[in-house]
Amino acid sequence: MPFYLERFWLQAGVFAMAAAIGAIGLNLLTGSAGQLSLAHAFFLAVGAYGYCVFAGDSGSATGLTGWGLPPVLAAVLAVALAGAVGGLFSPIAGRVRGPYLGIATLALIFIGQHVLLNAHDLTGGFNGRAVPPLSVFGFAFDDSATVVAGVPFRSMEKLWYLGLALLAAGALFARGVLRGRPGRAINAIRDHQTAAGVIGIPVARTRGAIFVLSSMYAGLAGVLLALAFQHAVPGYFGIVLSLEYLAMIVIGGLGTVSGAVIGAAFVTLIPQVLTKYSESLPLVSAPGTGGVAPGEASRYLYGAAVVAAVLFLPGGLARLPVPRWARKGARDKAPAPTSRNMEVST
């Protein structure tokens, strides 16, 4: 796609892939473990600003603190920092569940906003701070042109492939977690906590571990979002962002990796598409010109999609009925059963 699409669509795709990484982490916590969290935006901010501090340079001109570490190391440390902060909160996450955990995590949003707005040396305050470009072995993900097959690759073209690789790795890892013993353990805790404890599953420790893993996914999404925005501002990481992530996993489908990806694409792309085509869409217009603003229209669509998913698609968009021709094609491509497979099945 970077060979054919314009910068707008590439940027929208990078935002969607970053949101999908964060939604996968929240789906592990909420969809699979049954733990409601409203602090996902807080951990995205930890990842984004952690990368800025670790990779940025400190100087008297800007008045900002920076460690000047290699960008790759800074990104890894930012993800680890998000996991460490989640680990500090994990004892609470391991012992509190349901709406009580949601209220407890809501406090992190307000604490985070206070720190982001007042820790000027680290965050730049209300105006935020610039994000250092990522560099891997001398290859910089910035706007310097790298010509490939006659096509100039700048920051969005490069970040597209980086986001795709990170999303694929995160999705495969989450899928392995859900299909392995940890996945069976967190599903057992979600379905019946007492029975899970009776059969030997450490309930509090498992909940705490999945909260840390979800925080690290959010930190990775925050790093990728910061690289795409190229400027981190505190106002973006508020309660509205956390609610959008909840909408992603509900619309896409709770407890599934594919549902998180589909829901993230739905919630992330709708506002950008409405903004781009606001002049030609009925009832939707640019902000301040009358009619319904793109942001308002997108929230109306979120609400309608959530209601429709709850009423008509309990499994979300990921569990939409598959067309008959697609099911037939999948059966035709399936390998024929062998005597060994039949013996194992028996």
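**Entry 1: the cavity**

I first fix a convention, since the tally below depends on it: Ala, Val, Leu, Ile, Met, Phe, Trp, Tyr, Cys and Pro count as nonpolar, Asp, Glu, Lys and Arg as charged, and the others, Gly among them, as polar. I also note at the outset that this is a predicted model.

With that convention in hand I looked up the enclosed space, and the count came to 1 cavity of 30 Å³ or more, with about 30 Å³ of space in it. Its lining consists of Ile 24, Asn 27, Leu 28, Ser 32, Leu 178, Gly 255, Thr 256 and Val 257, which I could divide into 4 nonpolar, 4 polar and no charged residues. H1 gives the most to this lining, with 4 residues.

**Entry 2: the largest pocket**

I then turned to the open spaces, where the largest pocket holds about 410 Å³ and is lined by 20 residues, with Tyr 236, Leu 241, Glu 244, Pro 271 and Tyr 302 nearest its centre. When I asked which elements build the lining, I found that helices H1 (7–32), H9 (203–229), H10 (239–252), H11 (257–276) and H12 (294–312) each supply at least two residues, and that H10 has the largest share, 5 residues. By character I recorded 12 nonpolar, 6 polar and 2 charged residues in the lining of this pocket.

**Entry 3: the second largest pocket**

For the second largest pocket I noted a volume of about 350 Å³ and a lining of 17 residues, of which Val 46, Tyr 49, Gly 50, Leu 81 and Val 115 lie nearest the centre. Two or more lining residues come from each of helix H2 (40–55), helix H3 (71–95), helix H4 (99–118) and helix H5 (120–123), and H2 gives the most, with 7 residues. The lining of the second largest pocket divides into 14 nonpolar, 3 polar and no charged residues.

**Entry 4: the nonpolar cores**

How many residues does the largest nonpolar core have? I find 78 residues in it, and those with the most contacts inside it are Ile 24, Leu 44, Tyr 51, Leu 227 and Tyr 245. The largest share of this core, 13 residues, comes from H1. I followed up Ile 24, which I had already met in the lining of the cavity: leaving aside neighbours within four places in sequence, Ile 24 is in contact with Leu 167, Gly 170, Ala 171, Ala 174, Tyr 217, Val 257, Ala 260 and Val 261. There is also a second, separate core of 5 residues, which includes Ala 185, Ile 189, Ala 196 and Ile 201.

**Entry 5: two polar residues**

Is Ser 37 buried or exposed? I located Ser 37 in the loop between H1 and H2, and it counts as buried because its relative accessibility is 3%, where the cut-off for buried is under 20%. The side chain of Ser 37 reaches the backbone nitrogen of Ala 39 at 3.4 Å. Not counting residues up to four places away in sequence, Ser 37 touches Leu 26, Leu 29, Thr 30, Thr 105, Phe 211 and Leu 246.

I made the matching check on Gln 272, which lies in helix H11. At a relative accessible area of 16%, Gln 272 is therefore buried as well. Its contacts, leaving aside neighbours within four places in sequence, are with Phe 8, Ala 12 and Phe 15.

Conventions. Residues numbered from 1 in each chain as written. Predicted model: local features only at pLDDT ≥ 70, side-chain atom pairs only at ≥ 80, totals over all residues. Heavy atoms only, no water. 1 Å grid on protein atoms, 1.4 Å probe; cavity = no way out; pocket = protein on both sides within 12 Å on 5 of 7 lines; lining within 4 Å. Points joined across faces, edges and corners; volume = space filled by probe spheres on them. Buried < 20%, exposed > 50% of the residue type's maximum accessible area, 1.4 Å probe, protein only. Polar contact = N/O pair within 3.5 Å; in protein donor to acceptor, adjacent residues only side chain to side chain. Contact = heavy atoms within 4.5 Å. Core = buried A, V, L, I, M, F, W, Y, C linked by side-chain atoms within 4.5 Å.
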